[in-house]
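Q: Please take a close look at one part of this protein, the packing of two of its helices against each other, and set that part in the context of the chain.

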Amino acid sequence: MMLKTGRYVLIASLTLWLVGCGDHYARQAPIEKVNPATVAPEPPPVTTVPAIPRIPGQPEAVPVTPPVRHYQWEATIQPMIDQMLQAKGVNPGSVLLVDNMNNRTNGALDIDQATSVLRNAADNNGKLTLVSPQQLTAARQQLGLSPQDSLGGRSKAIGIARSVGAQYVLYSSVTGSASLPELKMQLMLVQTGEIIWSGKGVIQQQ
């Protein structure tokens, strides 16, 4: 009788212990499953490039500015204009359109200054009348060109000369090397496009 009672007590104790363990695990928080897609990737390591130390006493590098070239435009342009006015087919009192000079060299030139010298030389000739700046500006606006743009080609220059009533067009360009450029001029009849005079000269630097 005592043996049976001891077994019952042992079984009851084991049962209570198992029930207590079950309640303990039931009270623990459930384990959440982590979705790998929602985990932000770790940022890549930041690498820094060390600065190159400057050698004491060594001068800092200074950008080299190309030298500014100054040309003797008038010394070349004026004699060529004088030759042009003596050409056969140039009638006194006619109207002349002077186009902007074209830079076709391998470098930068002060082409605005060159064009200004060219127009002044052609304006003070006493034989031909130049198209006024106001007329030329209005004609350029009709073609959609800015005052600094060249007419781009002989045919366009002749077309704008017809619109302002000019009989001649002076087309000029600078070619060759920027260190020793060559100026070329052509005087054309607006009515036919014929070249009635051409000349060229080397532009010397000052």
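A: The model is predicted, and its secondary structure comprises 5 helices and 6 strands. From the start of the sequence to its end, these elements follow the order α-α-β-β-α-β-α-α-β-β-β.

The part chosen for the close look is the pair formed by helix α2, residues 73-85, and helix α3, residues 111-123. Two packed helices are described by the angle between their axes and the distance between the axes. For α2 and α3, the axes come within 9 Å and cross at roughly 35 degrees. The crossing of these two helices is right-handed. On the side of α2, the residues that meet the partner helix are W73, E74, I77, Q78 and I81. On the side of α3, they are Q113, A114, V117, L118, A121 and A122. Sorted by class, this contact has 8 nonpolar, 2 polar and 1 charged residues. The charged residue is E74 of α2, and the polar ones are Q78 of α2 and Q113 of α3.

A residue of another helix also makes contact with α3. L136 lies in helix α4, which spans residues 133-143. Leaving aside residues up to four places away in sequence, L136 touches L97, V98, R119, V131 and I160. Of these, R119 falls within the residue range of α3, 111-123. L136 and V98 are separated by 38 residues in sequence, yet their C-alpha atoms are 9.4 Å apart in space. The relative accessible area of L136 is 8%; because this value is under the 20% cut-off, L136 counts as buried.

Further along the chain, strand β5 (residues 182-189) and strand β6 (residues 195-202) run antiparallel and are joined by 7 bridges. Within this pairing, Q186 stands opposite S198 in β6. The hairpin of β5 and β6 has 5 residues between the strands, and G193 in this hairpin takes a positive phi near 80 degrees.

Values for the whole chain complete the context. Of its 206 residues, 32% are buried. Among contacts with a separation of 6 or more, 64% are between residues 24 or more positions apart; the contact of L136 with V98 spans 38 residues. The accessible surface of the chain is about 14,500 Å², and carbon and sulfur atoms account for 58% of that surface.

Conventions. Residues numbered from 1 in each chain as written. Predicted model: local features only at pLDDT ≥ 70, side-chain atom pairs only at ≥ 80, totals over all residues. Heavy atoms only, no water. Pairing = 2+ DSSP bridges. Helix = DSSP H or I, 4+ residues; strand = E, 2+ residues; numbered from the N terminus. Buried < 20%, exposed > 50% of the residue type's maximum accessible area, 1.4 Å probe, protein only. Contact = heavy atoms within 4.5 Å. Areas by Shrake-Rupley, 256 points an atom, 1.4 Å probe, with all protein chains shown as cover. Axes fitted to C-alpha atoms, helices over the stretch in contact; angles between N-to-C directions. Left-handed = near helix turned anticlockwise from the far one by under 90°.
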